[in-house]
Each structure stands twice: as C-alpha cells, then as structure tokens.
Amino acid sequence: MSLLQTFQVFPSIPEPLSFLQVLARNLWWCWHLDAIELFRRISPRLWEASGRNPIVFLTLIPQKQLEELSKDESFLAHQQRVKKSFFNEVLTPVNPSESSYGKEGTIGYFSMEFGIHESVPLFAGGLGVLAGDHLKAASDLTLPLIGVGLLYRQGYFHQFLDQEGWQQEEYPVTDLFHLPVKRAKDRSGNEISISISGPDSEIRASVWVIMVGRIPLYLLDANLPENPPEIREITSRLYAGDPKTRLAQEVLLGIGGMRALEAMGIYPTVCHMNEGHCAFVTLERLAQTISSYNVNLETAKEIVSRTTVFTTHTPVAAGHDEFPVDLVKPYLSSLADRLGISVAEILSWGQPIGSGPDTTLSMFVLGLRMAQYCNGVSELHGKVARRMWAHVWPGRPEDEVPITHITNGIHIPSWISVENTLLFERYLGPDWHLDVGNPEIVKRIDDIYDEELWRAREMSRSRLIRHCRVLMIKQYKRRNAPKAIMQDAESVMDRDILTIVFARRFAAYKRANLLLKDPERFETIIASKTNPVQFIFAGKAHPKDNEGKELIKRLVQFARRPKVRHRIAFLEDYDIRIARHLVQGADVWLNTPRRPFEACGTSGIKAAANGVLNVSILDGWWCEGYSEERGWRIGDGEEYTDTAYQDTVESQALYNVLENEVIPCFYERKNGDAPDQWIKMMKESMKMAMLQFCARIMVDNYEKKFYLPVAKRFAYLTADNAKEAVILSAQHKRLSSQWGKIRIERPVRKIEGPFRVGDSFEVTAVVNLGELDPGEVEVELYYGNLKTVDSIADSQSEKMTVKENRGNGECLYECTITCGASGRYGFTVRVIPRGDDRIKFVPGLITWA
C-alpha cells in the first residue's frame, strides 16, 4: 500500500498535568533525576515497559489514573519543583547583549550520530554519546549552539547471539511518533524541506527538530513518499555499509545540513565538524559565503577555513572514509558551478598533495584542509593524529603539524547513579550538577562517610546484578533454552563479590580476548574460593567484522565452562541503558586496547565518576588520568611492532595486576569492615573525573580555544565587505605564486665549538626571497637535540633578523643561540609565511636550508 493517510491519538492530559507533555518533548528530563522520578513514580512498571520513553509512557497511563494524579497534592508539588528547574535552566532567556557571540552568533555542531538517551536511537557508540554529552553541556552553559544530524528510521543494529554465540543483527523500525520530534519551520512558519542533486535523481529531505534542553538538534530525513526507494534508504540505517549510500548520507549531512540552516535563516559563525563524515559542510558553506558576502571563492576560503573547527575521534586509518572520485563527481557538479571552478579542483582539496586526479577523495583530508582549528580527543591521540596526517603538510616537522587536542569529557549528571546523586546532593549541595568541575565543591567528596559511600557501591552493584539476571533470562528465552537453563539464569552472578566489567565495541584492537590468552589462569582467578571474581562483558562487533564476532563467540563459549558459568555474563545489545547500569554497578572497569589505538575511551571516565576503579592500558584518557591513588595501569605505555608478542606480554601483566594488586585490595577488610584503601581510591577516582574530565570543562575548553576566537574572527573577516578576508586572499595568492623562488644557503656559525653550558654563538644565513619582501616572511633558526642524523627532537625556533639587505631579494639573516643544557644538538634555517596560524601552516609554504 502507498500514500496511506495517518493520524495519531494522544492521551487527554488534565490541565494540572499539562507540564508533563512539555517535559516529555524536551530531552532535558533525561539528565535530571528529579524529572525522571516524576515520570517513574506514576507507574514504575509501565515506565520500564515504555523503554523509559515519556511520550510512549503517557499513552500507557489509564485515563482514570491521570485524573487522580491531577488532584494528588504530593505529585503536583513534585511536578512544580521540576517545572521550576526546567524554567530556570531551559526557558529563562539569555540576554543577547551579555553573549560573547552577539545577537545572531551561532555554533553549528555537525555529527553523523547523537547519543542522548536510549529512547532516541540515533547513535552507534562512543562518538554519538560524546556528541550527546556535548549538547547537554552546551545547554547547561547556555551556549548558542545548534546540532545537525540525520534522522535514522532504523538507526544502528540491535544485537543478539545465536546458540553458538555468533552475533546476529536486526534493524527494527523506529516509530517517528514515539520520538520528541517536530517539523522545523522557517521564520514565516513554513515547514522546511531541502533538496540536493544526486547521481540518479534529486534527493529531497524534510527537517525535524528535537530540543535537548536549550539546544535544538536539527535532523534531516530522506524517508519521504516522493523519494524513490533507494533515496529513502539514505536515512534508514546509521553507517550504511554500501559506499554509495554512505556517501549520500555524508552529502546529506554536510551540504543538506547547511542548506537546512540557511532555509531557517541561520548562518553559523562557527562550524564544528565531528569527523570527516561532516566535511561536505565546508563546500556548501563556501557557496553560501560567496552569495551572502558577494566575494570570490578565494576570499570565501579565507573566511570559511578560519571559522571552522574539525575534531577527529579515530586513530585508526581504516576508520576514515574515502570515496572513489567517480562516485563523488555527480554531487559536486552543481557546487562547482556555484563556486566557479571545476569538479576536479574541488576533489583536489580532499586528495594528498602530488596525487593523481583519480586518487580517492579522503573526507579527513578535506576536513583538515578546510579547517584552521583541528584537534584530537586526548593528549596521546593528538600526538598520534599529528603522526598519521603529517603528510598533508609536507616539510613540516611532526610535532608542529597543526592538530592539537582537547580531551573528551562526560556529562556527569547523565551517568551518575541514584545512590551517588543522593550523596552528592547531601555533601556537595543540591545544585552540584550546575557547577561540576568547581574544585571547592568537588573536594567535599572527601567529607562523604566511608560507610555511606561503600553502601552506595553495594547497592549499585546489587542493582547491576539484578539487571544482568533479567537480561540473561531474556536472552535465553529468545534462544528457546530449556527450562532448567532459564531457572539457572535466575541465580547467575553474586551481588557481594568483586565485579569487573569489559564493555566496548568488539574490534580486534580493543582486545577483549586478552583475558583468554591463558584460559586456565583466567579460570583460576574467577573460581577462587577465598577471593572470587566475576566478569561482565558487553559490546557489539561491526556487522562486517567477522574477527570481532569471533571474539564474542570465544568469550561466550568460555563462559560455558562449569567452574565459571555463574560468574561470567555477556549482555547482548549494548546500549546507553546497559552502559548506565555497568558504569554505575561495576567495581572495576577494564580496558585493554592496543596502544595507541584508543582515541579517548570515555566509558572509563563514566565509571570513574561513580567511584569505579580503572584497570587499563596507558592509552587514550587514562594516560592523563592515571595515578596509583585512583587505579591501575597495565604495562608502562610501551608500543610494539610485534602484536603477538605485545598480547603475550600484556596479558601476563594484566593477570599479575589482578592477582597481586586489584583483588587483594578489594578483599582487604579489617574486622569485616569496608575496604579502606579501596574507598580512598574510589574518592580519588570520582574527584578526578569531575575535575579533569567532565563535559562542562570539555565544552568550556572548546569555547575558550576555538568557539570564542572563531566568532570574533568571523565578525572581523566579514566586516566592511569582507575587507580583511580580501587582503588575506591576496596575501595567500601572492605567497603561493612566489614561494618556489625562495632559496636558503647553508647556515654558518661564527664559532665552531665545542661549547659549555651558558656559551653563546651567532648563526648567519643568506636567504634569497625572490620577489617577496622580508616583511612577508619569517626566517627562523630551527634547533634542538639530535634525534637521528637528519631529525631533531624537542625542537625550538628563534626568529632571525635581517643583518644586511643585499638587494635583488637577497638578505643576510642572523641569530644568536645560547647553550642552555648539555647534549648533542643540530640546527638549520627555514622560511615560513608571516601571518596568522592559517597562513603559516598552508601546506607547501615552508622552505628549508
């Protein structure tokens, strides 16, 4: 059947309860315990049956009960308390004159996925959850930020295992009327639709909006009756495996997302792209900038590149999208006309320097080229990204590649347990969540009585074990397991013993199998009579990753051993709800990636905020978070080329840490009391997460390092008919055309040495700048400790000054070096452009002696 006419019937909510409908349609409720409890207290059973979705939940409440609640003074008082908080945090207007972004200033935040709550299935994993936490923190901080993504009708797959433990996938369709979405409208009140020229036909998409506190999240939806079936599939599944569909998704997100904002009269002053998926944003933004400011393409590029932020979350090369040029060309034809250039030139922006015209388009390279502000998501990841992408800046030393880092953070109120929330309200203050990261507040965690904190830990663990049993019974029931096994599942796990959790994507480099390197030793650890341990595993493998699926199968089959079958559980269909139970109820959070392939690893931070102790390889965030007062490390941060040897060494290190440190610490009880040392470490872990790795601090760092400088830069670049951008464009053009004429003779030092600490010597170099003037460049002495015969470690640079201008572009430059420490050093001379960081780091504009 086609062209069905539809209608929806909603409950008749009594007027005194009308706020419930307002609350249900803003995801603010999902990170406020008092708001969650307002729904839950109506009917805990129906709240769970609804999937904790308030829109579905309200349809399940009998009309008679709604009428009774409308006269229940206790409930109405609770509702009024939540309503007051909602008004203060969401509806209270921000005075534009007090905003650093001006009246129209907006940050456009683009991502392929957003993980806000399990009832809104628009996410696959860590990237989406991070994006969701970013929106929540932006709302708490009242930033003028808007999210842009896609509305997936099937989302990411649901996981279940067959009898042998092999992963299966299913894609249930999400009912649009169960989501808190509404059609986005332009300033005249008209519903918005956009279109993009595709290779086979026009791609049409409607635009929806979900409110996340103060933050609107706009979602594009191609599932329209007027689209042919293959076009409707574009927004069917997140991360489609077919390259053609995947490319169409990224075109719709980037080009379509910018067109949707334009249709609403929104022109972001800052565009923040999460991963290369979003890189097409810059192409449409170039076209809009040319049209809005009546400038040429080169001037528009100066504006767009200086007002774009690009965040990479992936240290694995295979995780970055590349597309054959023949697949991409049809989407770029109309853009090429608007930009006034050829399709080949646009493609070259996403191809490495010196590559041929048929080289695949790298979305990552396109993103890097079009953004001045680039960052990884942990200190180590920033270093890895600089190494991975140094080839984009030929001639530039690796440590100077312009990719910095801002370490990820988590939205603490979204992940903290009920028990810990109550403790925080009592000891940190009732509004602790509004000032997460304040040292004066966080230090009060030390005031929490050890007995109370340990009791909270035991209650959280007990709730996790109950949830495990419920899920295990559900899993066995789906497999048609015998009655005896079903009854057996009711008693799996023990609420009183050390519980270790490994929950993450099942990819080979995550090494979920590290514990299985010595199965007998692993079994001995679990089956101990005196210090027993239980393990909970959860996570999905990519549908096409058979190696990851094999890891799951091996774990499930090991868990069937008689001695361990009550102490190992694999929870299917890992999602935000299961993650909450795990990070709140575990005692230890285990992470065993192959360094340095973990970009950040925020699940460990969520666990730490709940007082769970981390046992991890020194990778991602743990390199910054680790200290012996708050957790354990596996190894010393080594990196190996022989992965088999690495797995052998680090599996032994893991067993040793568990047997000799973690397990004894947990069971070290004096007179049967709580474990004192463990509780001290819990407090240190909680303080660390709140002070160093909360989303408010992360978003505040983005604002200080990127958003505010970019917003001010945007205003400056576009003022007076984009006068400043026109000047920068002319400078860029002149430098690029003349740079090849620069020559540097071998530097000369006046004294040969040897030298003592404190000595100084002068270095001179003859530099021929060709047609360029000395004021257009910076000549630098580049020096540091010798790493190899032709490379320098811990480099430094000193500006050289013109000692003599000899005419015809030739100048003698000089500089003085002071010997600050002993060692073997090297030096040379280079020329780079003079200007801001964008012009200084233009690929190819660097010349060495």
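Modeller: Buried means under 20% relative accessible area, exposed over 50%, and partly exposed in between (1.4 Å probe, protein chains only). This is a predicted model, with local features needing pLDDT of at least 70 and side-chain atom pairs pLDDT 80 or more, while totals for chains, interfaces and linings use all residues. Residues are numbered from 1 along each chain as its sequence is written, and side-chain values use heavy atoms, leaving out hydrogens and water.

Biologist: Okay, buried or exposed: which is Cys 819?

Modeller: Its relative accessibility comes out at 15%. The limit is under 20%, so Cys 819 counts as buried.

Biologist: And how many disulfides are there?

Modeller: You'd need two cysteine sulfurs within 2.5 Å. Take Cys 819: its closest cysteine sulfur, in Cys 815, is 12 Å off, so that's too far for a bond. The overall count of disulfides is zero.

Biologist: Which strands stand at the edges of the sheet β25-β24-β28-β29?

Modeller: That's an open sheet of four strands with antiparallel pairing; strands are DSSP E runs of at least two residues, helices H or I runs of at least four, numbered from the N terminus, and two strands pair if DSSP finds at least two bridges between them. Two of the strands have a single partner each, so one side of each lacks a neighbour in the sheet: β25 (791–799) and β29 (847–848).

Biologist: How many bridges join β24 to β28?

Modeller: β24 covers residues 777–788 and β28 residues 825–833, and they run antiparallel. Val 777 of the chain faces Pro 833 in β28. The bridges joining the two strands number nine.

Biologist: Whose backbone oxygen does the Gln 159 side chain reach?

Modeller: Gln 159 lies in strand β3 (residues 158–161) and is buried at 3% relative accessibility. Its side chain makes a 2.9 Å polar contact (N or O atoms within 3.5 Å, one able to donate a hydrogen and the other to accept it; sequence neighbours count only if both atoms are side-chain) with that of Gln 167. The backbone oxygen, also at 2.9 Å, belongs to Gly 539.

Biologist: How are the rings of Tyr 427 and Tyr 449 arranged?

Modeller: Phe, Tyr and Trp rings (six-membered for Trp) pair with centres within 6.5 Å; planes under 30 degrees apart are stacked, over 60 edge-to-face, the rest tilted. The structure holds 36 such pairs. Here the centres are 6.5 Å apart and the planes at 85 degrees, so the pair is edge-to-face.

Biologist: Which of Tyr 427 and Tyr 449 is exposed?

Modeller: Tyr 427 is buried at 18%. At 56%, the exposed one is Tyr 449.
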